[in-house]
Structures are given as structure tokens and as C-alpha cells.
Amino acid sequence: MKKSKWMLGAAAMLALSVALAGCGGGDKKADNKAGGTKGELMVYTSIYPDIIDNMCKPNVAKAFPDMKVNWFQGGTEKVVTKITGEIKAKKIAADVLMVADPSYYLKLQDQKLLLPYKSKEEANLINDKAEDGSWYAVRVCNMIIAYNADKLKVEDAPKNWTDLTDPKWKGKIAMPNPMLSGTAYVAVGALADKYGWEYFDKLKANGLRVEEGNSAIQNKLLTGEYAAAMILEENILKLANTKKEPLKVIYPSDGVIQVPSPIAIFNTTKNPEGAKALVDWWLSKEGQQAVVKGWMHSVRGDVKEPIGSVPTKGLTDSKIKVDWRKLADNNAQIKEEFRKRVMDK
């Protein structure tokens, strides 16, 4: 009889503990895990809208069916301008940031606005990251030279960055605007360091045109208005492989300009566990395969390069050196120097 009463009491205690757990009074780790992959997140990104709609949204929704993920898209400079205003107002709406320019993350890190997080995928990564986990490179973009194979023979196309100063290309070359494009800003800083600002004086004298972005350039390469241009590799790979357009990539012999675009979490996020889970997914093999389907290179060694490209390691080994700290600390000065030398008439 006593044994029976004891068993009834134990059963009652077990039932009470289960009830408490169901109301949030149970194991905190389990509760955080469930709440982290639910809730809501806002991602600010410079990834192209069609890649967001066709690759990012469906893959993220599949990975996190119970979490609502919202997206704000714009060129890197547009996103940075939006964030700058939110920082001043102390109302940062973004939880996760994915823009092109790595130097901007150094500024955010200096301002102590990023959430340090050691991703569980860290051991698999082969590209840039912050020591404290404040940001990780999540996709690798390459600035290359492109040309139209219907208008130009491969043997006649530019082979390196300095070839663009050859008078035979006068008035037939272009690049994206570094005031609007993060990758173009990186390219300007890298080439000015490697060849001096005189390089851009020569491009200006050779009739360099500055377009709003990569898309405008690819269209004018197709029409033949431009013979060759500085542009993102992903634009050309996508058109060549999905629409069979005659655009071709030249990997400059003096090195591509590689932009390891990061992902980071703002420390103001109201859903840190969800943000961490999203970072882990993007850095996972599944997430990186989605990146490659968007025609960008992976930051993992076990994921192959996009269709039509060359192995990532070869591009990385021969890339032009970029001084990210210099780009972070001298943003306004570098843009002003470019504006004076190239854009002012």
C-alpha cells in the first residue's frame, strides 16, 4: 500500500514537471533551440534580387520552415547608407548582414555593433573570418575582365588589368561605379595600391565609362557598345550558362580582385539563436552549395566552383592583395580620389 502511494506521488511529480516544461519552465537549452529557429529575422543583403527570389528564399524557407525570414535588398552602398541612418537613430532593424565589402565589417566591428559567434562550421572554412567570430566570409566574388566572343576573338581580348589602358580600347571599356558598388570600391582600392592612382588617370584618358552597376555593363557588352569591361564573374557565368549568351571571362594574369563577402549578426538582434542558426546554415555544405548555384564561389574546401568557372583555389592563390583595413579607414578619401580622377569632366 505504501509502495502504491509512493508510485502515485512520483507519477504526479513527473506530470507536473512535464506541464512546467510545456509552459517554458523546463530545460532552457531545449527552449532556446525551439525559439531560435522560430521567431522572425531581417536580413539586409546586396545579393542580386533574382538570386534572393530563386535561391535564397526557397532554400532558407526549406531549412527553417518555422522561422519567418525577411529580406531587404540593395547595392552595398545603398544598404550601408540605410544602416548608417539606423545606427544614428539607435534603431537597427537588421538582424543579419550580407553585403559585398569586407572592409565595412571592420568598421562595424570597431563600433562594437556585431555579435561574436563561433560557428559550428568554422573548422570547414578556408576563407577570411574575424578571430572572435564577429563575421565570416560567406560567398566569394571575383572582379574579372569580360568580353563578347561574337565581337572579339579570344586572342585579341585584354589579358590583364593594364591592357585596358591600351589605346585600341579607347571609348570601349567600362567599370561599375565604386560610389554604389561595394565590389567596385574594393577593385578601385586594390588597383590603386598595385599600380598607383596614375592607372586610373590612364583609364580616364582611354575613355573609361563608369556605369551604375554590373547589370548595365553586361547589357552593353552584349550590344557591342563596350568591347571589354571590369565586372563581377557571377554576372558573366550566369548569362553564359543559363541564357547561352556569348560573354566570356578573362581571369587577368596579374590576378583577379577577390571579394570574400561576409555574413554577420548585429548585437541588437532580438532573435540571436535564430540568427546563429542562419549563419550556421549559410556556412554549411548545403548553404554553400546554394551560394554556388547563385554563381558565386564557396568559402568551404569541400564545395566545387560554379559551372563555367575555374577552381577557387587557383584564383585565391593568384589574387591581387587587398588592404582591407586601409579600405575601412579611408573610404571617403578613396572614393573622392576616384571621383576627381575619373568621374569629373
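## Salt bridges

Asp302 is partly exposed, its relative accessible area being 38%. In this predicted model, Asp302 is joined by a salt bridge to Arg300, with 2.9 Å between the closest N and O atoms. Arg300, in turn, has a relative accessibility of 6% and counts as buried, because the cut-off for that class is under 20% relative accessible area. The pair therefore links a buried arginine, Arg300, to a partly exposed aspartate, Asp302.

The search of the whole structure returns 19 salt bridges. Side chains of opposite charge can pair when their charged atoms come close. One of these pairs is formed by the side chains of Asp329 and Arg325, at 3.1 Å from N to O. Both Asp329 and Arg325 belong to helix 13, which spans residues 324–329, and they are four residues apart, or about one turn of the helix. Asp329 is partly exposed at 46% relative accessibility, and Arg325 is also partly exposed, with a relative accessible area of 33%.

A further salt bridge brings together the side chains of Arg339 and Asp344, with an N to O distance of 2.7 Å. Arg339 has a relative accessible area of 29% and is partly exposed; Asp344, with 31%, is partly exposed as well. In addition, salt bridges link Asp201, Glu337, Lys340 and Arg341 in a network.

## Strands 1 and 2 and their crossover

Strand 1 (residues 40–45) and strand 2 (residues 68–73) run parallel and are joined by six bridges. Within this pairing, Tyr44 stands opposite Phe72 of strand 2. Helix 3 (residues 49–63) completes a β-α-β unit with strand 1 and strand 2, and the unit is right-handed.

## Strand 5 and its partners

Strand 5 covers residues 173–176. In a regular strand the side chains alternate between the two faces of the sheet. In strand 5, Ile173 and Met175 point one way, whereas Ala174 and Pro176 point the other way, and all are buried.

Strand 5 pairs with strand 6 (residues 209–211) through three bridges, and these two strands run parallel. The bridge partner of Met175 in strand 6 is Val210. Strand 5 also pairs with strand 7 (residues 228–232) in the parallel sense, over two bridges. Here the bridge partner of Ile173 is Ala228 of strand 7. Ile173 and Met175, which point one way from strand 5, thus have bridge partners in strand 7 for Ile173 and in strand 6 for Met175.

## Helix 9 and its surroundings

Helix 9 comprises residues 233–242, and its residues Glu233, Glu234, Asn235, Ile236, Leu237 and Leu239 are buried. The buried residues of this helix pack against three strands and two helices by name: strand 4 (135–148), strand 7, strand 8 (247–250), helix 8 (214–223) and helix 12 (312–317). Strand 7, one of these packing partners, is also paired with strand 5.

Helix 9 is followed by Lys244, which has a positive phi near 55 degrees.

## Packing of helices 10 and 11

Two packed helices are described by the angle between their axes and the distance between the axes. For helix 10 (residues 272–283) and helix 11 (residues 285–293), the angle is about 65 degrees and the axes are 4 Å apart. Helix 10 contributes Trp281, Trp282 and Leu283 to the contact, and helix 11 contributes Lys285, Glu286, Gly287, Gln288, Ala290 and Val291. By class, the residues of the contact are five nonpolar, two polar and two charged.

## Lysines with positive phi in loops

Most residues other than glycine have a negative phi, and most peptide bonds are trans. Lys90 has a positive phi, near 55 degrees, in a residue other than glycine. Lys90 lies in the loop between helix 4 (76–89) and strand 3 (96–98), and it is exposed, with a relative accessible area of 78%.

Lys112 is not a glycine either, yet its phi is positive, at about 55 degrees. The loop between helix 5 (102–110) and strand 4 holds Lys112. At 66% relative accessibility, Lys112 counts as exposed.

Key: Residues are numbered from 1 along each chain as its sequence is written. This is a predicted model: local features need pLDDT of at least 70, side-chain atom pairs count only at pLDDT 80 or more; totals for chains, interfaces and linings use all residues. Side-chain values use heavy atoms; hydrogens and water are left out. Axes are lines fitted to C-alpha atoms, for helices over the stretch in contact, and angles run from 0 to 180 degrees between N-to-C directions. Contact means heavy atoms within 4.5 Å. Ala, Val, Leu, Ile, Met, Phe, Trp, Tyr, Cys and Pro count as nonpolar, Asp, Glu, Lys and Arg as charged, and the others, Gly among them, as polar. Two strands pair if DSSP finds at least two bridges between them. A crossover is right-handed if, with the strands pointing away from the viewer, the path from the first strand over the helix to the second runs clockwise. Buried means under 20% relative accessible area, exposed over 50%, partly exposed in between (1.4 Å probe, protein chains only). A salt bridge is a side-chain nitrogen of Lys or Arg within 4 Å of a carboxyl oxygen of Asp or Glu.
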